[in-house]
Amino acid sequence: MTGDQTLIVGLLVALLLLLVWGRWRYDAVAFSALMAAVILGVVPKENAFSGFAHSATIIIALVLVVSHGLAASGVVYRIARAVGQIGKTFTSHLAIMGGLGAALSAVMNNVGALALLMPVDVEAAKKAKRSPSLSLMPLSFATILGGLVTLIGTPPNIIISAYREKAFGAPYQMFDFAPVGVVCALAGIAFVTLIGWRLIPQSDDNTGADDERFSLDDYVAELSVGEKSAFLGKPLADVEKVVRDAGITLLSVIRDQSRLPGHAGWIKLQKDDVLLVETAAEDLERLANENQLSFVAKERHRELVEGAQLEFVECVVQPGSVLEGRTSASVQLVDRFGVWLIGVSRQGKRLRSRVRRTAMSAGDVMLLLAPKARLTDFIETMDVLPLADRGLQLASRGKAALAAGLFAGAIVLASLRVLDLAIALGVVTLAYLFLGIISPKKVYQSVEWPVFVLIGSLIPIGAALETSGATELIAQNIVTSVAGLPGWVVLTILMALTMTLSDVLNNTATALIAAPIAVQIASKLGHSPEPFLMAVAVAASCAFLTPIGHKNNTLIMGPGRYAFGDYWRMGLPLEILIVAVGVPMILLVWPL
């Protein structure tokens, strides 16, 4: 190994370890790696920021903007509402929602597709009096699978296409991924619909079979004892009995910032004592009303409440949200939006910290008390997902057909090679902007800047891997370890390894790292690079084993009350199925 090879491989190993560890944001880790590579001299300073002007980076950003425009126009919402009412049985519901999710994900960002369909699915679960955990994971997996079908369906496809253009002079076209992607998607959706959902662990409180009503989640919330409260002056033991009879768990009582001892049942409650309780939203509101208790957050800002039309809203913290890693107090929800955080639910787990001091995590479900007039602004600015089907994103209902037509025209022109894909999407973005379908502010808010920084940082590092000869060295070691095996076996191993890497890394990072290695392996084996690139494209997008492998899996974690270890039960057989179906299809369409 040369000095440059040692440096770049060591840097890559450190980068992967830090990304898997997850202690720091992946964009900060990637940019730090880029700066280190420039300082060490393995990435030329003139190429340091070339990744930010790369066609793949620009296309991914434009796809996100156009996806938001389609959502804002109402076209996706109308389709989801119409189709979501068709399924009569649970199996038909899974098939219809999964098929719709996959179809939408083929032409728009799959995180956006899930965000639009999740409220429809949760509403269907509520009406059917069943747990949303039975359908949210199948829906998430279906939207991931749909991205395999087209060039713009998922970032790894765009990355692989751009790499092919750089290496061989021609990118993949819009529907080059379709023959393999459609078969894999159909097989995957059939599996999650007929078999996969039965593998999801179900606790007694998740089945919903004996419940008279539907309860989405249990929240940890704070209730204050006021002057008119029925609990004022009552012994703690009596209060515990009332709360318990209401089906609510009393976690602790806080007085002057200190917790009262749980065994001291004789202590009488005083004014301004705070009850830390765990319960469903509807039970929480009933307990507060029947016993004249106040929500702590609301009580602190009583002057803002008077005359306001307030309603309870359940929202999920999306990956990359402004709220992620921050408390409600630090982002000043009340001062900025007049929104109060009433309760927090995290994967069905009991939280011990007070609500205002709880740092939000992606997938957390928040119970909010908010004025109707400010709700839309709050949801869009904070990048959270409402779980009630409120149609809040329909800013331009009358322009749905126009938005869909412009997008379809761009896809046709790009497919016929009349316009470059980036140019076609850029024209659509401008049209959406000038027609008022999307505002200038939302153009910038639609772009996932952490992903933009990740891609822009890793592209120069990937180029340095190739120019230093490190990629060829890694490929040679892999080829040596599989010497004598048939090409299709090596392809299967590559696909399995890429899937495993994608389960713990960002799928874009996986594609950037695996693509040049795959081409080198094909070259050393004397095979065409096409099936190996296609295998990386499929495998990098199929992250089903963990909630961190794909943003969609993170997004459903709170509403579905899933634990970290729940995903592999359906995800592992699904990944095996995708490999079993994908390899023969790849070899059929793209022979060795």
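Helices here are DSSP runs of H or I with at least four residues, numbered from the N terminus. With that in mind, open the model, which is a predicted one, and start at the end of a helix.

**Stop 1: the end of α19**

Select Gly469. This glycine comes just after α19 and takes a positive phi of about 90 degrees. Now extend the selection back over the helix itself, residues 449-467. How far does α19 reach from its first C-alpha to its last? The distance is 28 Å for 19 residues, close to the 27 Å expected at 1.5 Å a residue.

While α19 is highlighted, pick out Glu466. Its relative accessibility of 28% makes this residue partly exposed. Glu466 will matter again at the next stop, through its salt bridge with Lys166.

**Stop 2: across to α8**

Show the side chains of Lys166 and Glu466 as sticks. They meet in a salt bridge, with N and O 3.4 Å apart. Lys166 lies in helix α8 (residues 155-168) and Glu466 in α19, so this pair ties together parts of the chain that are 300 residues apart in sequence. On the α8 side, Lys166 is exposed, at 54% relative accessibility.

Next, select all of α8. The helix has 14 residues and reaches 20 Å from its first C-alpha to its last, close to the 20 Å expected at 1.5 Å a residue. Is α8 mostly covered or mostly open? Mostly covered: 10 of the 14 residues are buried. Colour these buried residues to see them together: Pro155, Pro156, Asn157, Ile158, Ile159, Ile160, Ser161, Ala162, Tyr163 and Arg164.

What do the buried residues of α8 pack against? Add α3 (55-73), α19, α22 and α23 (529-541) to the view, and you have the helices in question. So α19 meets α8 in two ways: it takes part in that packing, and it supplies Glu466 for the salt bridge with Lys166.

Before leaving, step to Gly169. This residue follows α8 and has a positive phi, near 90 degrees.

**Stop 3: α22 and α20**

One of the packing partners of α8 was α22, which covers residues 507-525. Select Lys524 together with Glu472. The two form a salt bridge, the closest N and O atoms being 3.3 Å apart. Lys524 sits in α22 and Glu472 in α20 (residues 470-481), so the bridge joins parts that are 52 residues apart in sequence. For accessibility, Lys524 is partly exposed at 30%, and Glu472 is partly exposed at 40%.

**Stop 4: a bridge with a buried acid**

Move to Arg25 and Asp27, which form another salt bridge, with their closest N and O atoms 2.9 Å apart. Which of the two is buried, and which is exposed? Asp27 is buried, with a relative accessible area of 12%, whereas Arg25 is exposed, at 52%. A search of the whole structure finds 8 salt bridges.

**Stop 5: a nonpolar patch**

Switch on the surface and select Val412, Leu413, Leu416, Val418, Leu419, Ile423 and Val427. These residues form a nonpolar patch on the surface, with about 600 Å² of accessible area together. The elements that give two or more residues to the patch are α16 (400-415) and α17 (421-434). Val427, in helix α17, is partly exposed, with a relative accessible area of 47%.

Now go back along the chain to Leu387, in the loop between β9 (384-386) and α16. Leu387 is buried, with a relative accessible area of 3%. To try the distance tool, link the C-alpha atoms of Leu387 and Ile437: they are 24 Å apart in space and 50 residues apart in sequence.

**Stop 6: zoom out**

Finally, reset the view and show the whole protein as a cartoon. There are 25 helices and 9 strands. The radius of gyration is 26 Å, close to the 25 Å from the globule rule for 592 residues, so the protein is as compact as a globular protein of that length. Along its principal axes, the C-alpha trace spans about 85 × 55 × 45 Å.

Colouring by accessibility brings out the buried residues, which make up 57% of the 592. The protein exposes about 23,900 Å², and carbon and sulfur atoms supply 60% of that area. For a contact map, count the contacts with a separation of 6 or more: residues 24 or more positions apart account for 79% of them.

Technical notes. Residues numbered from 1 in each chain as written. Predicted model: local features only at pLDDT ≥ 70, side-chain atom pairs only at ≥ 80, totals over all residues. Heavy atoms only, no water. Salt bridge = Lys/Arg side-chain N within 4 Å of Asp/Glu carboxyl O. Buried < 20%, exposed > 50% of the residue type's maximum accessible area, 1.4 Å probe, protein only. Patch = residues over 30% accessible without salt bridge, like charges linked within 9 Å, V, L, I, M, F, W, Y side chains within 5 Å. Areas by Shrake-Rupley, 256 points an atom, 1.4 Å probe, with all protein chains shown as cover. Rg over C-alpha atoms; globule rule 2.2 N^0.38 Å. Contact = heavy atoms within 4.5 Å. Expected span 1.5 Å × (residues − 1).
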